[in-house]
Amino acid sequence: RKTADSLDDFHRERLPCFIIANWRGFSGGMRDMYDEVMKFGASIVDNLRVYTAPVFIYIPPWGELRGGAWVVVDPVINHQGVATMYADPSARGGILEPSGIVEIKFRQDDIKKCISRHHAGYGKGDLSAVEVKKVESELGPLCRDSAVHFADLHDTPGRMLAKSCITEIIPWQQSRRIFHSKLV
């Protein structure tokens, strides 16, 4: 509520807005429903949509912008084109957590394919059922961890920049000078 009200006040006074976004999205749980998180998220969207002064959205060092929080502050929602998003080189952003993407996309069959690429006898009928289980218990977690790391690489600022999700990668040490020059 405070963020939505502040955005409304800043907009009425035609002030530039600077959002340091280190937010995770809406969980959909009972507490979020009780606290009316969706309602106030929608108010933030409404206020950013019509904002006419510059809006800078910055994901700070080691910060994350995930899920519904990304949707709320996505610069695309601003019709005037005054909202821009930036990130520190160590920041992360995306709709799902890397482990969530792996849960959805990297199923048991994919893990078995990964294991067969790394173990000569697996999947060829050369191993007993006990040996297959042993290989799966040893290599399965390694394949899953590799998939999580690969999914995390898609959430890096370099990838966000390549996909035009952010305008520029700005290190924290230089952010104050760079944003000041963008305002004047």
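**Surface, pocket and salt bridges of a predicted model**

Good morning. I begin with Trp62, which is exposed because its relative accessible area is 72%, over the 50% that sets the limit. Please keep in mind throughout that the structure shown above is a predicted model.

Where does Trp62 lie? Its place is the loop that runs between strand S2, residues 55-59, and strand S3, residues 64-66. The backbone at Trp62 also deserves attention: phi is near 60°, a positive value in a residue that is not glycine. As a general point, most residues other than glycine have a negative phi.

Arg14 offers a second case of a positive phi outside glycine, with a value near 55°. Arg14 belongs to the loop that joins helix H1 (2-12) to strand S1 (17-20). Is Arg14 buried or exposed? With a relative accessible area of 69%, Arg14 is exposed.

I turn now to the salt bridges. How many does the structure hold? There are nine salt bridges, and I shall present three of them.

In one of them, the side chains of Glu64 and Arg66 meet at 2.8 Å, N to O. Arg66 is buried, since its relative accessibility of 4% falls under the 20% limit. Glu64 and Arg66 also take part in a network of salt bridges that includes Glu97 and Asp155.

Another salt bridge joins the side chains of Asp152 and Arg92, at 3.2 Å from N to O. This pair connects distant parts of the chain: Asp152 sits in helix H7 and Arg92 in strand S5, 60 residues apart. Arg92 has 21% relative accessibility and therefore counts as partly exposed.

The remaining example is the salt bridge between the side chains of Arg144 and Glu103, at 2.9 Å, N to O. Here too, distant parts of the chain are linked, with Arg144 in helix H7 and Glu103 in helix H5, 41 residues apart. Arg144 is partly exposed, at 26% relative accessibility.

Helix H5 covers residues 98-105 and also contains Ile104. Ile104 is partly exposed, because its relative accessibility is 49% and the exposed class requires over 50%. Which residues form a nonpolar patch on the surface together with Ile104? They are Val71, Ile95 and Leu96, and the accessible area of the four together is about 360 Å².

Ile95 and Leu96 lead us to the next topic, as both line the second largest pocket. A general remark on method may help: rolling a probe the size of a water molecule over the atoms shows where empty space is left. The second largest pocket has a volume of about 230 Å³. Its lining divides into six nonpolar, three polar and three charged residues. Among the lining residues are Trp70, Gly93, Gly94, Ile101, His154, Asp155, Arg159, Met160, Lys163 and Cys165. Which elements give two or more residues to this lining? They are strand S5 (92-94) and helix H8 (157-162).

Finally, let us compare positions in sequence and in space. Arg159, from the pocket lining, and Asp126 are 33 residues apart in sequence, while their C-alpha atoms are 42 Å apart. Asp126 is found in the loop between helix H6 (108-118) and helix H7 (129-153). At 57% relative accessible area, Asp126 is exposed.

To close, I return to the two loop residues with a positive phi: Trp62 is exposed, and so is Arg14. Thank you for your attention.

Terms used
Residues numbered from 1 in each chain as written. Predicted model: local features only at pLDDT ≥ 70, side-chain atom pairs only at ≥ 80, totals over all residues. Heavy atoms only, no water. 1 Å grid on protein atoms, 1.4 Å probe; cavity = no way out; pocket = protein on both sides within 12 Å on 5 of 7 lines; lining within 4 Å. Points joined across faces, edges and corners; volume = space filled by probe spheres on them. Helix = DSSP H or I, 4+ residues; strand = E, 2+ residues; numbered from the N terminus. Nonpolar A, V, L, I, M, F, W, Y, C, P; charged D, E, K, R; others polar. Patch = residues over 30% accessible without salt bridge, like charges linked within 9 Å, V, L, I, M, F, W, Y side chains within 5 Å. Areas by Shrake-Rupley, 256 points an atom, 1.4 Å probe, with all protein chains shown as cover. Buried < 20%, exposed > 50% of the residue type's maximum accessible area, 1.4 Å probe, protein only.
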